[in-house]
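The following note sets out numbered remarks for a colleague examining the model. Please read each point against the coordinates displayed below.

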Amino acid sequence: MDKVISIIFPKKLKCKENKNIIDVISGSIELMGQELSNYELEGADYLLKVTTVNTPLLDTSKMDHFYQRGYEETKKRIKEIIAIS
């Protein structure tokens with residue numbers, strides 16, 4: 001039977017003062033994205049959390065950084081990942 005491994009880049013939502021309508025829309029989209037991610041994770045057999053500090057996920061110039069962090073986290077957790085098989 002196939003196993004589902006989900007990889008997330010957790011981010012704590014910060015309460016900040018909304019200065020204009022763009023801030024409100026941006027915060028709403030960020031919250032909605034986080035809730036959708038939580039919903040999708042319900043079917044996962046294993047959850048791999050990759051922490052990145054102060055790095056926006058949509059910053060494509062940081063793609064190598066995300067790959068490296070994912071690789072490092074996977075190496076740390078490989079025994080746990082193999083155990084779900």
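1. Apart from its neighbours within four places in sequence, Asp-23 is in contact with Glu-17 and Asn-18, contact meaning heavy atoms within 4.5 Å. Asp-23 belongs to helix H1; helices here are DSSP runs of H or I with at least four residues, strands are runs of E with at least two, and both are numbered from the N terminus. Asp-23 is classed as partly exposed because its relative accessibility is 21%, where buried means under 20% relative accessible area, exposed means over 50%, and partly exposed lies in between (1.4 Å probe, protein chains only).

2. On provenance, this is a predicted model, in which local features need pLDDT of at least 70 and side-chain atom pairs count only at pLDDT 80 or more, whereas totals for chains, interfaces and linings use all residues. Residues are numbered from 1 along each chain as its sequence is written, and side-chain values use heavy atoms, with hydrogens and water left out.

3. The protein chain contains two helices and two strands, arranged along the sequence in the pattern β-α-β-α. Of its contacts between residues at least 6 apart in sequence, 64% join residues at least 24 apart. Buried residues account for 15% of the 85 residues. The exposed area of the protein chain is about 7300 Å², of which carbon and sulfur atoms supply 57%; accessible areas come from the Shrake-Rupley method with a 1.4 Å probe, and for residues only the protein chains shown count as cover.

4. Strand S1 (residues 5-8) shows alternating side chains: Ser-6 and Ile-8 point to one face and are buried, while Ile-5 and Ile-7 point to the other and are not. S1 runs parallel to strand S2 (residues 46-49), and four bridges join them; two strands pair if DSSP finds at least two bridges between them. Opposite Ile-8 stands Lys-49 in S2.

5. Which residues make the nonpolar surface patch of about 680 Å²? The patch is made by Ile-21, Ile-22, Val-24, Ile-25, Ile-29, Met-32 and Leu-36. Of these, Ile-29 lies in helix H1, which spans residues 21-40. Patches are built from residues with over 30% relative accessible area and no salt bridge, like charges being joined within 9 Å and nonpolar side chains (Val, Leu, Ile, Met, Phe, Trp, Tyr) within 5 Å.

6. A salt bridge is a side-chain nitrogen of Lys or Arg within 4 Å of a carboxyl oxygen of Asp or Glu, and the count by this rule is four. Arg-69, Glu-72, Glu-73, Lys-76 and Arg-77 are linked in a network of salt bridges. Within the network, Arg-69 bonds to Glu-72 through a salt bridge whose closest N and O atoms are 2.8 Å apart. Both residues lie in helix H2 (residues 63-83), three residues apart, about one turn of the helix. Arg-69 is buried because its relative accessibility is 16%, whereas Glu-72, at 33%, is partly exposed.

7. What is the burial state of Glu-73? With a relative accessible area of 5%, Glu-73 is buried. Its side chain meets that of Arg-69 in a salt bridge (3.7 Å, N to O), and Glu-73 also forms a salt bridge with Arg-77, the closest N and O atoms being 3.1 Å apart. Arg-77 and Glu-73 are four residues apart in helix H2 and so are separated by about one helical turn. Arg-77 is partly exposed, with a relative accessible area of 31%.
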